[in-house]
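Biologist: Please take a close look at one pocket and its lining, and give me the cut-offs behind each term as you go.

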Amino acid sequence: MASPRFAVSRARPGDTPQIGLTLKAVILAAAIACLFLVNADTPPLRAFPFAFGASALVLKGGFRLFLQALIHRWRKAGRFRRRIAVVAASDFAREFIERLRADPDSFEIAGVYDDRLRSGRVPPTHAGVAVRGSVADLVRDSRDERIELIAVALPLSAVQRIADTLEALRSTISDVCLTTDLAGLAYRGHQFGAVGANPVISIGEKPLKDWRAAKKACFDFVVGALALVLLSPLFALLALAIRLDSAGPVLFRQPRLGFNNRLFVCYKFRTMYADMTDLMADRQTVRGDPRITRVGRWMRKFSLDELPQLVNVMNGSMSLVGPRPHAPNTKAADRLFAEVVREYAQRHRVKPGITGWAQVNGWRGETATVEQVENRVRCDLYYIDNWSIFFDLRIVAMTVLREICSRHAF
């Protein structure tokens, strides 16, 4: 009977190289057999596969040893160390922190956060770690510094407190897990895991991470660079038209809310008179807006004013496809977007895009009502939850076919 430790065998990414190695060995053996049969009287050809196989084995083994030593060195230097924030100064938090301290090369505790700090119900330190503030302070700190994982260390009996904490953390880009008394808790199999020696349940993860993030970054860089090169003559013509039409700079640089709710400078071709531009978007653009120049009206109709955002894509502040970025003071029904829709901040868990699922579904242009904002956010969250390279390609194609001369663009 098999030992319980090995009773269950599951395919893992690490198993793939073994399959590849076996296939290479079969191909090599077949090549040797063919050379023996076809070139039996040619000793150099007989010796070639043996020499090739031996040299490949030595080089591959040497490279693996070098890579293993390099990774070990980087791990000791802290390059793979994850910064973890812990919510709640509880016994679970103490155990969680003590277990992580057994592997200091892999984990670093960024701090403990507890809403009870301000009322004096928890001490300023817990398990030797500073209690830095409330959950709201954690959300703010996660935008200002690198916090890769947030562990909520609360007992299951604190149902409402867990629910309130998880709701407050929904807008962060950090992975969120629950470390508690797991008995009696229903969860999906893929959600159960470990952080160091701590059993945890994954509550939420960064939408685009690891290979998914790498694929999207490659897509943005390759397509963005190609578009910049192909459209450079059009850029020059539009810049000349803007300068001839009205006084002022060619580009309009506007602060907008981007990834992780951080401000970045968004580039657009200037479409308004220079002395009438609205930097913080206190007033939305409407049809027939007198602030728009003659050339600007034409560029807006064909969405050409958005083209400089390809520069944002290349500098990493934007993506080709994603939720559209908004200026900080953009409003609907005289209320800020974040006040209108509770889930609004969740759009910022990915980079903003030049185009997006909301835009190709008709939710672009003026947002005068709460319903318009809600529909935009609903489309944006659907995109985040269902992202794939093919989804991005579909949205780009729909943008070219539908939105270049959209009735919603003005």
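Modeller: Strand S8 (198-204) and helix H11 (370-385) each supply at least two residues of the lining of the second largest pocket, where helices (H or I, at least four residues) and strands (E, at least two) are DSSP runs numbered from the N terminus. The model is a predicted one, in which local features need pLDDT of at least 70 and side-chain atom pairs count only at pLDDT 80 or more, whereas totals for chains, interfaces and linings use all residues. Residues are numbered from 1 along each chain as its sequence is written, and side-chain values use heavy atoms, without hydrogens and water.

The contribution of H11 to this lining, three residues, is the most that is given. The pocket itself (an open set of points on a 1 Å grid over the protein atoms alone, where a 1.4 Å probe fits, with protein on both sides within 12 Å along at least five of seven lines) has a volume of about 420 Å³, counted as the space filled by probe spheres set on the points, which are joined across faces, edges and corners. It is lined by 16 residues (an atom within 4 Å of a point), and those closest to its centre are Gly204, Glu205, Pro207, Arg349 and Asp385. By class, the lining holds seven nonpolar, four polar and five charged residues, with Ala, Val, Leu, Ile, Met, Phe, Trp, Tyr, Cys and Pro taken as nonpolar, Asp, Glu, Lys and Arg as charged, and the others, Gly among them, as polar.

Helix H11 also takes part in one of the seven aromatic pairs of the structure (rings of Phe, Tyr and Trp, its six-membered ring, with centres within 6.5 Å; planes under 30 degrees apart are stacked, over 60 edge-to-face, the rest tilted). The ring centres of Trp357 and Tyr382 are 6.2 Å apart and their planes stand at 25 degrees, so this pair counts as stacked. Because Trp357 belongs to helix H10 (residues 357-360) and Tyr382 to H11, the pair ties together parts that are 25 residues apart in sequence.
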